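Thank you all for coming; I would like to walk you through one structure this morning, slowly and piece by piece. Please have the picture open while I talk.

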Amino acid sequence: MNFKVWCLGWITCFTSLPAWGFVHIHQLKPHLDVSPAQPLISFFWNGAAPKLDAKDGVFDGAFSEASDRDLMELLLKEAVRIWTDVPTAYIEMEIVEKADVELDPDDETFSIVVEKQKSVAVAAASLPSFLSQDPDPSDVEKNPHLIHDCDISVSDSTVEAKSLLHTLVHELGHCLGLGHPHSTYQSIMSYATFDQSAHLYLDDEAGVTFLYPEPSESQEVKSITCGRVGGGDAAGGGAANLARLLMGLSLCFPFALSLSRLWRRAHSPRP
Ligand SMILES: [Zn+2]
């Protein structure tokens, strides 16, 4: 193998690993005002629907003849189900039809309003509110770590049903407290993904589990034994340093061995 190609392979393998992970909508890590005892958030939908195309692209085509309104209701319920069914997170969401809901960032009503948008490029937008402008704030509004409101505005323009479902799951993710990860394609919250299906990736599930950890997942663990190398005293610190040194040498050994072989091969006399 060419020496330069070999070096390039090592560098590529150990420097290009992507930093996958979820991100929050803000460094305050705001989340919805729920608890394991009261895990439910209701989203109030104004009952309107966009013109839906390619209806056979969702639910295996079972509702390809459904009206726009009926299919919109199914898409909304499917979108909240996808987040609610994450087994390691306790959050629950439901869709309630309410004709007179409106977009108001401080009414503490979670609204989904289908309406005409100013820009045709906007399919939907969500507005998680956690820094209140209310002159007379409630206790929840006073807490910047709590999302006290999140309204979702959906365009009434024609859209494919599958694409709209993907968009609804994405916008609900913002209302849960998740932002746009720019270092991964493996998230429905990423702008970079070309996958229009509405399933969650591991990063999405990790994000919602971080914000709303299901207590039963940890209560089943009675005790945890942790291994730790070294300690605070001099003897423990010496052992830790020795362990790190040995670990480092063991990791470097294959690299050094193959490097020396290549070096010998490159400098050995040719017949
Ligand atoms: Zn987004």
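Val113 stands opposite Ser153, which belongs to strand S8, and that pair is a good place to start, since S5 and S8 pair in the parallel sense over 4 bridges. By pairing I mean that DSSP finds at least two bridges between the two strands, and the elements themselves are DSSP runs, with helices (H or I) of at least four residues and strands (E) of at least two, numbered from the N terminus.

I should say at once that this is a predicted model, in which local features need pLDDT of at least 70 and side-chain atom pairs count only at pLDDT 80 or more, while totals for chains, interfaces and linings use all residues. Residues are numbered from 1 along each chain as its sequence is written.

Staying with S5, we find S2 joined to this strand in the parallel sense over 3 bridges. Within that pairing, Phe44 stands opposite Ser111 in S5, and the bridge partner of Trp45 is Ile112, also in S5.

Which order do the strands of the sheet take? There are 5 strands in an open sheet, running S4-S2-S5-S8-S6, with mixed pairing. S4 and S6 are the edge strands, each of them pairing on one side only, and from one strand to the next the twist averages 20 degrees. As a general reminder, strands of a sheet pair through backbone hydrogen bonds, either parallel or antiparallel.

Two helices should now be added to the picture. H2 lies across S2, S4 and S5 and runs at about 165 degrees to S4, whereas H4 packs on the sheet by touching S5, S6 and S8, its direction making about 10 degrees with that of S6. These angles are taken between N-to-C directions, on a scale from 0 to 180 degrees, using axes that are lines fitted to C-alpha atoms, for helices over the stretch in contact.

Let me turn to one edge of the sheet, where Ala124 has its place in strand S6, residues 124-129. Is Ala124 buried or exposed? Ala124 is partly exposed, because 18 other C-beta atoms lie within 10 Å; a residue is buried if 20 or more other C-beta atoms, placed from the backbone, lie within 10 Å of its own, exposed if 12 or fewer, and partly exposed in between. Leaving aside neighbours within four places in sequence, Ala124 is in contact (C-beta atoms, placed from the backbone, within 7 Å) with residues including Ile152, Val154, Thr167, Leu168 and Glu171. The C-alpha atoms of Ala124 and Asp156, which are 32 residues apart along the chain, are separated by 9.4 Å.

What about the interior? The largest nonpolar core, meaning a set of buried Ala, Val, Leu, Ile, Met, Phe, Trp, Tyr and Cys residues joined through C-beta atoms within 7 Å, has 49 residues, and among those with the most contacts inside it are Phe43, Leu75 and Leu165. Among the elements that give two or more residues to this core are strand S2, helix H2, strand S8, helix H4 and helix H5. Leu75, apart from its neighbours within four places in sequence, is in contact with Val58, Ala161, Leu164, Leu165 and Leu168.

H5 deserves a moment as well, its buried residues being Asp203, Asp204, Gly207, Val208 and Leu211. Seen down the axis of H5, they fall within an arc of 130 degrees (the arc of the directions from the helix axis to the C-beta atoms), so they line one face of the helix. What covers them includes strand S1, H2 and H4.

Now for a detail of the backbone: most residues other than glycine have a negative phi. Asp60, in the loop between strand S3 and H2, has a positive phi near 55 degrees, and Asp60 is exposed, with 8 other C-beta atoms within 10 Å. Glu108, in the loop between S4 and S5, likewise has a positive phi near 55 degrees, although Glu108 counts as partly exposed, with 15 C-beta neighbours inside 10 Å.

Finally, a word on confidence, for which pLDDT is the predictor's own score for each residue, from 0 to 100. The protein chain averages a pLDDT of 83, and 75% of the residues score at least 70. However, pLDDT stays under 50 over residues 10-19, for which the model has 3 contacts beyond four places in sequence, and pLDDT also stays under 50 over residues 228-240, with 7 such contacts.
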